[in-house]
Amino acid sequence: MRILVTGVNGQLGRELCPMLSRLGKVVALGRDGCDLGNADEIRASVQQLQPDVIVNPAAYTNVNGAETDRERAMAINGVAPGIFAEEAAKMNALFLHYSTDYVFDGEKAGEYLESDATNPLNVYGATKLAGEHAVMAAGGRSLILRTSWVYSAHGANFVRSILRLAAEREELSIVDDQVGAPTSTPDLARATVRLIEQCAGVSPADFPSGIYHATAAGHVSWCGFATEIVKLAGKSAPVKTQQVKPIPSASYPTPAQRPMNSRLSNQKLHDVFGFNLPQWQSSLEEVMHQIGATVAR
Ligand SMILES: NC(=O)C1=CN([C@@H]2O[C@H](COP(=O)(O)OP(=O)(O)OC[C@H]3O[C@@H](n4cnc5c(N)ncnc54)[C@H](OP(=O)(O)O)[C@@H]3O)[C@@H](O)[C@H]2O)C=CC1
Ligand SMILES: Cc1cn([C@H]2C[C@H](O)[C@@H](COP(=O)(O)OP(=O)(O)O[C@H]3O[C@@H](C)C(=O)[C@@H](O)[C@H]3O)O2)c(=O)[nH]c1=O
Ligand SMILES: [Mg+2]
C-alpha cells in the first residue's frame, strides 16, 4: 500500500508518519514538497505518486491570523482538500481529511451531531467548512474526521503554551465558558490507522464516505484543561503557577470569535466503525509523559 501524507511537519502529520509506515510505504510531503496553495502542484504530486491512500492533515490553523489572511486560508483549507479528493477519486484512492468543531456556532445546548447545521463564527471555521463541502462534492471514497482542540508533544498547541506560561507566571487567567474535548495526536493517528485498515478493501459502492466526529471522550473548559495540565506538570517539573483563574471569553478578547460549545457526539463513528477515542484525561497523561520534564523548564 502506498500512502501519501501531507503537512508532515505539523503536529498531526508528524505523529501519523511512523504509525502509517506500519501499513505500507509512506510518502511524506511537507510544504517544500508540495505547496497546497498551488492546485497544479497538488495534481502533479498525486498523479506522480499514484497513492492508494491520501491522508491530509495539512491546514492553515492560525485561527486569529486567518481573520486577516482569508485568501490564503481559503486556498489551503477550502480549495486544496477538494483537489486532493478529486485526484483520489480518479484513481480510486482512499482520502482521509480532518475538520474542526469551529464549523459550528456553539449555540446548541448538547453535543453536536454530524447532521446538525453548521454556522462558523470565524474565518478559519468558514474555510474548513468550504473544504468539507469540496471533499464531499468530489465523490470517491473519502472520510472527513471532525476533531477538536488538538494537542501533541510537539508543535504549536494549548498544552505546550500552558506549560510555557506555568513555568513563568504565578497566576494564569483562562477562559472558562468555552467547552470541548481536547484530542491528542496519538489518539487521532491511531484512529486514522484503524480506519484505513478497515476501509482499504471496501468497494466504492459500499464505502461509507462522509463526515465523522472523532474527538476524545468527555469534555472540559479551556480553564479546566489548563488546570489539569498544570497539575500533571507539577509532578515532574517546577511550576510557578499557584492559581488557574477562570475568566469569561469577554475578558480575553481575540480577533477571531470562538464557539462556546464545541462538544461533538462520536456516536456515528462508533455505529459505523465500532470504536471511539479514549477519555481526554488518560490521553493527556500519555502526552505529558512524552513531553517529560523538558518543556516545562
Ligand atoms: N490544531 C487544532 O487544534 C485542530 C486541528 N484540526 C485540524 O486537524 C488537522 C491537523 O491539524 P494540526 O496538526 O494541528 O495542524 P498544524 O498547524 O500543526 O500543521 C499543519 C501543517 O500544514 C502545513 N501547511 C500549511 N500551509 C501549507 C501549504 N501552503 N502547503 C503545504 N503545507 C502547508 C504546515 O506547514 P508549515 O509547518 O510549513 O507551516 C503544517 O506543517 C488540520 O486539518 C486542522 O484543521 C481540527 C481541530 C482542532
Ligand atoms: C494562552 C491562553 C489562551 N486562552 C484561551 C483562548 C482560547 O479561547 C482558548 C484556546 O486557545 P488557543 O489559542 O489554543 O485556541 P485556538 O487556536 O482557537 O484553538 C483552536 O484551534 C483550531 C485550529 C481548531 O480547530 C480548534 O479545535 C481549536 O483547537 O484559550 C486563555 O484564556 N488564556 C491564555 O493564557
Ligand atoms: Mg491555535
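Which helix or strand gives the most to the shell around ligand 1? Keep that in mind as you click around, and remember that this is a predicted model.

**Stop one: the ligand.** Select ligand 1 and show what lies around it. You should find 24 residues surrounding ligand 1. Highlight Gly7, Gly10, Leu12, Ala59 and Val150, which are the closest. Now try colouring the shell by class: 10 of its residues are nonpolar, 11 are polar and 3 are charged.

**Stop two: the elements behind the shell.** Next, select residues 11-20, which form helix H1, and residues 94-100, which form strand E4. Both H1 and E4 supply at least two residues each to the shell around ligand 1. Here's the reply to the opening question: H1 gives the most, with 3 residues.

**Stop three: Gln50.** Move to the loop that joins helix H2 (39-49) to strand E3 (53-56), and pick Gln50 there. What is its phi? Gln50 has a positive phi of about 45°, though it isn't a glycine. That's worth a look, since most residues other than glycine have a negative phi. Is Gln50 buried or exposed? Gln50 counts as exposed because it has 11 C-beta neighbours inside 10 Å, and the cut-off for exposed is 12 or fewer.

**Stop four: Asn92.** Finally, go to the loop between helix H4 (70-90) and E4, where Asn92 sits. Asn92 is another residue other than glycine with a positive phi, near 55°. With 12 other C-beta atoms within 10 Å, Asn92 is exposed too.

Notes
Residues numbered from 1 in each chain as written. Chains lettered and ligands numbered in written order. Predicted model: local features only at pLDDT ≥ 70, side-chain atom pairs only at ≥ 80, totals over all residues. Near = placed C-beta within 6 Å. Helix = DSSP H or I, 4+ residues; strand = E, 2+ residues; numbered from the N terminus. Nonpolar A, V, L, I, M, F, W, Y, C, P; charged D, E, K, R; others polar. Buried ≥ 20, exposed ≤ 12 C-beta atoms within 10 Å, placed from the backbone.
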